[in-house]
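Student: I would like to go through the strands of this model and what packs on them. Please take the pairing one step at a time.

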Amino acid sequence: MMPPKGKKQYHCQILPLDMLSSLPENVIDDILLRLPLRDVVRTSILSKKWRYNWCRLPELALDQTLWITKKDLMYFAHKFTKIVTHFMRFHDGPITKFTLFIPYLERSPNIDKLIRFLCRNGIRHLVLRLPIRGNLYELPPSFFTCFELRHLTLQNLLILPPPAFRGFDRLIILELRDVTISSKLLESLISHCLLLEQLVLQISSALSEVIGINGPMLRSFDFTGSMSSICLKSTPLLAKLSLTHREYYVAARKSNIAEFFESFSAIEYLHLNDMSFVAGAGEIPTRLLFNLNCVKHLRISSIFLGCWDEVACALCLIRSFPFLQYMEIKVERDDNDIPAL
């Protein structure tokens with residue numbers, strides 16, 4: 001029978017009752033990777049096919065989203081141990097990225113087991129951010145066998161590598177924030193990461209010796225700490241440099257502005273939080289004897305107009321950047337003490 005004239009005929013498609021189970025695995029994995037771990041594990045009740053989907057995910061995070069209520073915090077250590085045990089028991093397959101961020105836990109032996117488990121499963125991107133309170137967590141020997149690492153972030157840890165350790169030869173990005181490590185070991189660690197392209201160092205205390213930064217492939221360096229603690233030796237490809245100076249003792253060694261910048265032939269982006277670390281160290285020239293032709297972006301977060309040396313250093317740099325395209329300078333001043341330029 002033909003439908004009445006002018007009437008449209010609609011065809012209804014019967015969808016399967018379990019739509020979730022019919023999704024391709026790559027779609028399911030993409031959905032799960034966008035969820036917090038708490039919600040990822042909860043998806044196991046959606047259908048039989050989803051029950052163990054989380055177990056094959058290559059990227060996981062144990063972070064503050066798992067401890068969001070007062071009850072969670074009361075039983076923090078117990079819950080952490082339970083989660084880690086469950087994770088190591090059921091996860092199947094490689095783990096390429098893992099984040100551990102626990103702002104409250106003081107100490108747990110399960111972290112050693114977790115790191116050993118990650119190293120055996122091909123970890124490439126590892127973030128370990130531990131709390132400040134309590135004794136610093138010392139990285140276990142198994143950590144220094146994670147030779148597949150490409151990206152490593154460590155915070156509030158004690159680093160004591162074994163004598164035979166020679167660095168991570170595949171590492172591309174390294175971030176060390178408030179870690180405890182000797183100057184000698186830190187310099188050795190960086191120099192043995194020959195493929196390192198991005199380095200972030202945040203050092204809260206003055207080091208006993210100067211760190212020589214040797215990075216033949218280094219392209220970005222972000223440093224926070226005492227400027228007298230570092231010396232850039234060989235960084236021919238360095239294009240982005242950010243220096244946040246923090247002084248922790250009075251008798252600090254100042255840097256000579258000409259010596260400090262003479263090796264930065266490839267710098268394009270330069271950020272300085274102040275000029276005090278080069279001001280007052282020898283005679284400040286009107287301009288450098290060499291031009292830094294690659295510098296296009298200059299940012300100085302703080303300069304005191306009442307200090308002629310700081311102003312002179314800034315002017316010296318500006319005159320030495322002939323192809324500068326963008327400049328941002330934040331000034332601090334005392335109206336009663338402004339130098340005549």
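Tutor: This is a predicted model. We can start with β10 (residues 220-225) and β12 (residues 240-245), which are joined by 6 bridges and run parallel.

Student: Which residue of β12 stands opposite F221?

Tutor: β10 and β12 run parallel. Across this pairing, F221 stands opposite L241.

Student: In what order do the 11 strands of the open sheet lie?

Tutor: The pairing in this open sheet is parallel. Its edge strands are β1 (59-62) and β15 (326-332), each of which pairs on one side only. From one strand to the next, the twist averages 5 degrees. The order is β1-β2-β3-β5-β7-β8-β10-β12-β13-β14-β15.

Student: What angle does the direction of helix α8 make with that of β14?

Tutor: Helix α8 (residues 308-319) packs on the sheet and touches β13 (269-272), β14 (297-304) and β15. The angle between the directions of α8 and β14 is about 170 degrees.

Student: How many residues of β5 are buried?

Tutor: Buried means under 20% relative accessible area. On one side of β5, H151, T153 and Q155 are buried, and on the other L152 and L154 are buried, so both faces are covered by this definition. For β5 (residues 151-155) the count is 5 of 5.

Student: Which residue of β7 stands opposite H151?

Tutor: β5 is joined to β3 by 5 bridges, and these two run parallel; there R129 stands opposite Q155. β5 also pairs with β7 (residues 173-177) in the parallel sense, over 5 bridges. In β7, the residue opposite H151 is I173.

Technical notes: Residues numbered from 1 in each chain as written. Predicted model: local features only at pLDDT ≥ 70, side-chain atom pairs only at ≥ 80, totals over all residues. Heavy atoms only, no water. Pairing = 2+ DSSP bridges. Helix = DSSP H or I, 4+ residues; strand = E, 2+ residues; numbered from the N terminus. Axes fitted to C-alpha atoms, helices over the stretch in contact; angles between N-to-C directions. Contact = heavy atoms within 4.5 Å. Buried < 20%, exposed > 50% of the residue type's maximum accessible area, 1.4 Å probe, protein only.
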